[in-house]
Amino acid sequence: MRQPGIGPQYHEVTKYARTEMGHLTTWAREVPRLKEYEEPLATLELPAPQTADGMPLFEAISQRRSWRHFAPETLPLSRLSQLLWAIQGLTSQNGPNGLRASASAGALYPNETYVFAHRVEGCDQGLWHYQVRNHALAQLAQGDFSEPLAQACLGQTACAEAPVVLAFGAVVDRCAWKYGDRAYRYIYMDAGHMGGQAQLAAVALGLASVNIGAFFDDEVNSLLGLDGQREIAVYLAAIGVPA
């Protein structure tokens, strides 16, 4: 009989129990809840997002589907702005860091949002980081990432066809300083919240999307400039006009 792998072991070790909460011992240092870069290549201010009206929620839910083929159309910058706000935008200024569109365990928001801009109007091709505080993009690298990204995602062509691919990468210590080993559960849950809102926002904007969890971790981490330990790639979403 095949022995269970590390998954069941992790689930067992990090369970909450009334008699044992030792795994909650923190093993990380607290870090800022917003990631910012000292010297980005460029900063791009995004158009103000729409925060009212739009497609009714239940209609968007009924139309939500995963879509893997995209038309060669350019995505308007206003659409990208709306997507990013719907996923991680500030919705309240309460507290020192504010509250965001997606739910997060302890309001720690460990997952950062990166943007692979393949064809976005008014946005240079390359890799960008979403700056939550001022609703802007910081450019991390220039160039065409479409084919390397598709190959890093097990050859999934959606990552090359889509005008934009969002990548969610977690700052592990941001969650682990409070939740210890259980933090990974929350990191994955939080990324799922973000992915779900990405798909609903895409529907509301007349776009299609597919969320991607199958990728070569080291390769995607390398593209994002993450070390794969303290910062890790968790989830991606390819978004565009359906073909």
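Strand E5 is mostly covered in this predicted model: six of its six residues are buried. I'll go through its neighbours on either side, then turn to a histidine in the loop before it.

Start with E4. Strands E4 and E5 run antiparallel, and four bridges join them. One pair to look at is Ala117, which stands opposite Gly126 in E5.

Now the other partner, E6, which covers residues 136–142. E5 and E6 are again antiparallel, joined by six bridges. Here Gln131 has Ala136 in E6 as its bridge partner. The hairpin of E5 and E6 has four residues between the strands. Within that hairpin, His135 takes a positive phi, near 50°.

A general reminder for anyone reading the side chains: in a regular strand they alternate between the two faces of the sheet.

Next, the loop between E4, residues 111–117, and E5, residues 126–131. His118 sits in that loop. Is His118 buried or exposed? His118 counts as buried, because its relative accessibility is 7%, and the cut-off for buried is under 20%.

What does His118 touch, leaving aside residues up to four places away in sequence? The list is Gln125, Phe145, Ser146, Leu149, Cys159, Ala160, Ala162, Pro163 and Val165.

One distance to finish on. His118 and Glu39 are 79 residues apart along the chain, and their C-alpha atoms are separated by 22 Å.

To recap: E5 is joined to E4 by four bridges and to E6 by six, and His118, in the loop between E4 and E5, is buried.

Note on methods: Residues are numbered from 1 along each chain as its sequence is written. This is a predicted model: local features need pLDDT of at least 70, side-chain atom pairs count only at pLDDT 80 or more; totals for chains, interfaces and linings use all residues. Side-chain values use heavy atoms; hydrogens and water are left out. Helices (H or I, at least four residues) and strands (E, at least two) are DSSP runs, numbered from the N terminus. Buried means under 20% relative accessible area, exposed over 50%, partly exposed in between (1.4 Å probe, protein chains only). Contact means heavy atoms within 4.5 Å. Two strands pair if DSSP finds at least two bridges between them.
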